[in-house]
Amino acid sequence: MNNLKKEISKIELSESEKQRILQNCIKKIESEQENYSMKKNKIINYKKPLIAVAALAVAFSLTGITAMATTEKGFFRDTKRFDGAITGQNYHNATDELLVYAAVEEDVLMVTVKMVKMEMIPYCEIEVLELENYRVLNAEGTVVMENAVPNNVIMEDNQVKFQIPAEKLAEGTYKLELDVLCGSKKADQDLLIYGGWECEFTK
Amino acid sequence: MNHSSVRPTDVLEEILNQYGTMLFRYALMMLNDTSEAEDVVQDTLLIYWQKSPVFNDKDHEKAWLLTVTVNRCRDLLRKRMRRGETSLDNVAEVADIAAELSEDSGILEALIQLPEKYKKVLYLYYVEEYRIEDIAGIIGKTASAVKMRLKKGRELLGEKYRKEFM
């Protein structure tokens, strides 16, 4: 085991590698600071219209037109450890902010997740999106596939296509139920996105 | 740490000089990929800057940085698993580095081929020389689980080394 420590101690981070890491960090911090000040300016610009919209929503709710007042939006919620320490964040209520389609083409189940509000946080920051929890049910309601790993993931502008092997599915009508997606961004913890999406497809 | 009064370059350069190599070695052993290991060190520094934690002493600081690196490596390995890649896809890369540096790189090659959960505790115990209780804190497991993994890890490492490199 002494040999192990000796061998590992020979691996060094070179000066050029250190400089590269440092430069990348500085770039990232600067761009985050820039984004933050841009977002701050946007919030200030939109303050007045937002107040007007909020007042309208209150007015509608008072007059009995509840649809507008109760429109649900996604929200962040802290995740806590048993001792109360905050360990991260999840995003909830995303059902209306993502559209999910499913179709089978040549033994491949193609699940498309479209981000409707691409300009909105967290969607504008997500670099990789994955299916975290989903299942496929047959016409009798039996689960026939659950959280199978996609063969291929294609990320386009505001949508992500997951190609899942489906050769084991017999011909028939199926329902896809998706509860959780996982978004990630470099240097950040994974963000679990909760919602409820269902769609039918036939093979 | 008050961010308004210090420049990120100064803070991060100091951390990188003190701990960069240690974090890089750990990430390289876990991921078997030099560019991903560099990314992990970079991510750790960014999290350090963003959170600007307060430490009791240098040991606390080192353990905090190692914990972030351990978690980041674990996340990347999980992501690889979800995509169907194996953590041994790049064994050749670290083996090459080890071979360049040493005439007997077998022990390193044997270590990087172990499953992550054993490799992690062996590394922290034998290379970083942490106590079992400290390792438990860093990886978020109980001391008895760490002991079990150390025992099993030693057996697996010995077996692999004898079988493939002796």
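In the predicted model, the largest nonpolar core comprises 50 residues, and the members that touch the most others are Ala27(B), Val41(B), Leu45(B), Leu111(B) and Leu122(B). Helix H2 (15-45) of chain A supplies at least two residues of this core, as does each of seven elements of chain B, namely helix H1 (8-31), helix H2 (34-51), helix H3 (58-82), helix H5 (106-112), helix H6 (116-127), helix H7 (132-139) and helix H8 (143-165). The greatest contribution comes from H1(B), with 12 residues. In soluble globular proteins, nonpolar side chains tend to be buried together. For Val41(B), the contacts beyond four places in sequence are Ile21(A), Gly20(B), Leu23(B), Phe24(B) and Ala27(B). A second core, separate from this one, contains 24 residues, including Val111(A), Tyr123(A), Leu131(A) and Leu178(A).

The secondary structure of chain B consists of 8 helices and 0 strands. Of the 166 residues in this chain, 38% are buried. Among contacts in chain B with a separation of 6 or more, 65% link residues 24 or more positions apart.

Within chain B, H2(B) contains 18 residues, for which a rise of 1.5 Å a residue predicts a span of 26 Å; the C-alpha atoms at its ends lie 26 Å apart, in agreement with that expectation. Buried positions in H2(B) include Ala37(B), Glu38(B) and the residues Val40(B), Val41(B), Gln42(B), Asp43(B), Thr44(B), Leu45(B), Leu46(B), Ile47(B), Tyr48(B) and Trp49(B).

The loops on either side of this helix each hold a residue with a positive phi. Asn32(B) is located in the loop between H1 and H2 of chain B; its phi is near 60 degrees, a positive value in a residue other than glycine. Asn32(B) has 22 C-beta neighbours inside 10 Å and therefore counts as buried. Ser52(B), which comes just after H2(B), occupies the loop between H2 and H3 of chain B. Although Ser52(B) is not a glycine, its phi is positive, at about 35 degrees. With 12 other C-beta atoms within 10 Å, Ser52(B) is exposed. Most residues other than glycine have a negative phi, and most peptide bonds are trans.

The contact between the chains involves 31 residues from chain B and 24 residues from chain A. On the side of chain B that touches chain A, two or more residues are given by each of H1, H2, H3, helix H4 (91-101), H5 and H6 of chain B. H1(B) gives the most to this side, with 10 residues. By residue class, the side of chain B that touches chain A is made up of 18 nonpolar, 7 polar and 6 charged residues.

In chain A, 4 strands form an open sheet with antiparallel pairing, in the order S3-S4-S8-S7. Strand S3 (98-105) and strand S7 (152-156) of chain A are at the edges; each has a single partner strand, so one side of each lacks a neighbour in the sheet. Neighbouring strands of the sheet are turned against each other by 15 degrees on average, direction ignored.

S3(A) and strand S4 (residues 108-115) of chain A run antiparallel and are joined by 8 bridges. Leu98(A) is opposite Met115(A) of S4(A), and Tyr101(A) is opposite Thr112(A) of S4(A). The hairpin of S3(A) and S4(A) has 2 residues between the strands, and Glu106(A) in this hairpin adopts a positive phi near 45 degrees. S4(A) is also joined to strand S8 (residues 159-165) of chain A, by 7 bridges in an antiparallel arrangement. Here, Gln163(A) in S8(A) is the bridge partner of Met110(A).

The two faces of S4(A) differ in their surroundings: Leu109(A), Val111(A), Val113(A) and Met115(A) form the covered face, whereas Val108(A), Met110(A), Thr112(A) and Lys114(A) form the uncovered one. One residue of the covered face, Val111(A), also belongs to the second core.

A further backbone feature of chain A is the cis peptide bond joining Ile121(A) and Pro122(A), with omega of about 10 degrees. Pro122(A) lies in the loop between S4 and strand S5 (128-137) of chain A.

Definitions and conventions. Residues numbered from 1 in each chain as written. Chains lettered and ligands numbered in written order. Predicted model: local features only at pLDDT ≥ 70, side-chain atom pairs only at ≥ 80, totals over all residues. Core = buried A, V, L, I, M, F, W, Y, C linked by C-beta atoms within 7 Å. Buried ≥ 20, exposed ≤ 12 C-beta atoms within 10 Å, placed from the backbone. Contact = placed C-beta atoms within 7 Å. Expected span 1.5 Å × (residues − 1). Pairing = 2+ DSSP bridges. Axes fitted to C-alpha atoms, helices over the stretch in contact; angles between N-to-C directions. Nonpolar A, V, L, I, M, F, W, Y, C, P; charged D, E, K, R; others polar.
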